[in-house]
Amino acid sequence: MKKTFTDFVEGRLPFDVGIAPPLHQDLPIVMNSFLILGCAICAEVTATLALKAADGFTRPGPTIIVALGYGTALWLMSTSMDMLPIGVVYAIWSGVGMVGAALGGALLYGEPLNATLLTGIGIISVGVTILAIGQGQH
């Protein structure tokens, strides 16, 4: 039986929510949960970058982007937690979000990226990859 996003939102999961499925089992569900998490991270990074542009919430356009971005990000993150372990979701969320914010700050605001920062970004990327791979091992 094919599961839809609505099935997940309404709580009709093909497994116990307290235990994430192994990666080799229910692969489409796990991949969809990572896609949802990726969308959450994009929304969070967008909101974080708009936060700087909001200038203390004195500029309405960026302020609206901040509110919508964080709201969307938290909703999508909570949805992915229905299908993945909290520790994995939060580690990937924070690691990829930090990398996205650092790179976005450099591109949009001209913030410096030196060798030390780039090394840190590389280490975070390796750590997030290890966590994602470890998700399938029990």
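V128 lies in helix α5, in a predicted model for which local features need pLDDT of at least 70, side-chain atom pairs count only at pLDDT 80 or more, and totals for chains, interfaces and linings use all residues. Residues are numbered from 1 along each chain as its sequence is written, and side-chain values use heavy atoms, with hydrogens and water left out. Helices (H or I, at least four residues) and strands (E, at least two) are DSSP runs, numbered from the N terminus.

V128 counts as buried because its relative accessibility is 13%, where buried means under 20% relative accessible area, exposed over 50%, and partly exposed in between, with a 1.4 Å probe and protein chains only. Residues up to four places away in sequence aside, V128 touches A91, I92, G95 and V96, contact being defined as heavy atoms within 4.5 Å. For one of these partners, A91, the C-alpha atom is 6.9 Å from that of V128, although 37 residues separate the two along the chain.

These contacts belong to the packing of helix α4 (residues 86–109) against helix α5 (residues 115–134), whose axes are 9 Å apart at an angle of about 150°. That angle makes α4 roughly antiparallel to α5, since angles under 35 degrees count as roughly parallel, over 145 as roughly antiparallel, 65 to 115 as roughly perpendicular and the rest as oblique. Axes here are lines fitted to C-alpha atoms, for helices over the stretch in contact, and the angles run from 0 to 180 degrees between N-to-C directions. The crossing of α4 and α5 is left-handed; a crossing has this hand if the near helix is turned anticlockwise from the far one by less than a right angle, and is right-handed if clockwise. On the α4 side the contact is formed by V88, A91, I92, G95, V96, M98, V99, A102 and L103, which meet I121, I124, S125, V128, L131 and A132 of α5. Sorted by class, this contact has 13 nonpolar, two polar and no charged residues, with Ala, Val, Leu, Ile, Met, Phe, Trp, Tyr, Cys and Pro counted as nonpolar, Asp, Glu, Lys and Arg as charged, and the others, Gly among them, as polar.

Helix α4 itself has 24 residues and reaches 32 Å from its first C-alpha to its last, close to the 34 Å expected at 1.5 Å a residue, the expected span being 1.5 Å times one less than the number of residues. Its buried residues are V88, V89, I92, W93, G95, G97, V99, G104, G105 and A106. Just after α4, G110 takes a positive phi of about 70°.

Within α4, V89 leads to another part of the chain. V89 counts as buried because its relative accessibility is 0%, and, its neighbours within four places in sequence left aside, it is in contact with L37, M77, S80, M81 and L84. V89 and S78 are eleven residues apart in sequence, and their C-alpha atoms are 9.2 Å apart in space.

M77 and S80 also appear in the packing of α3 with α4, in which the axes are 10 Å apart and the angle is about 145°. The crossing of α3 and α4 is right-handed, and the contact is made by A73, M77 and S80 of α3 with V89, Y90 and W93 of α4. By class, five of these residues are nonpolar, one is polar and none is charged. Helix α3 (residues 60–80) has 21 residues and reaches 30 Å between its first and last C-alpha, close to the 30 Å expected at 1.5 Å a residue. The buried residues of α3 are P62, T63, V66, G69, A73, L76, M77, T79 and S80.

The loop between α2 (27–53) and α3 holds D55, and F57 lies in that loop between α2 and α3 as well. Most residues other than glycine have a negative phi. In D55, however, phi is positive, near 50°, and F57, although not a glycine, has a positive phi of about 60°. F57 is exposed, with a relative accessible area of 52%.

Seen as a whole, the chain has five helices and zero strands, and its elements run α-α-α-α-α from the N terminus on. Of its 138 residues, 34% are buried. Among the contacts in the chain with a separation of 6 or more, 63% are between residues 24 or more positions apart.
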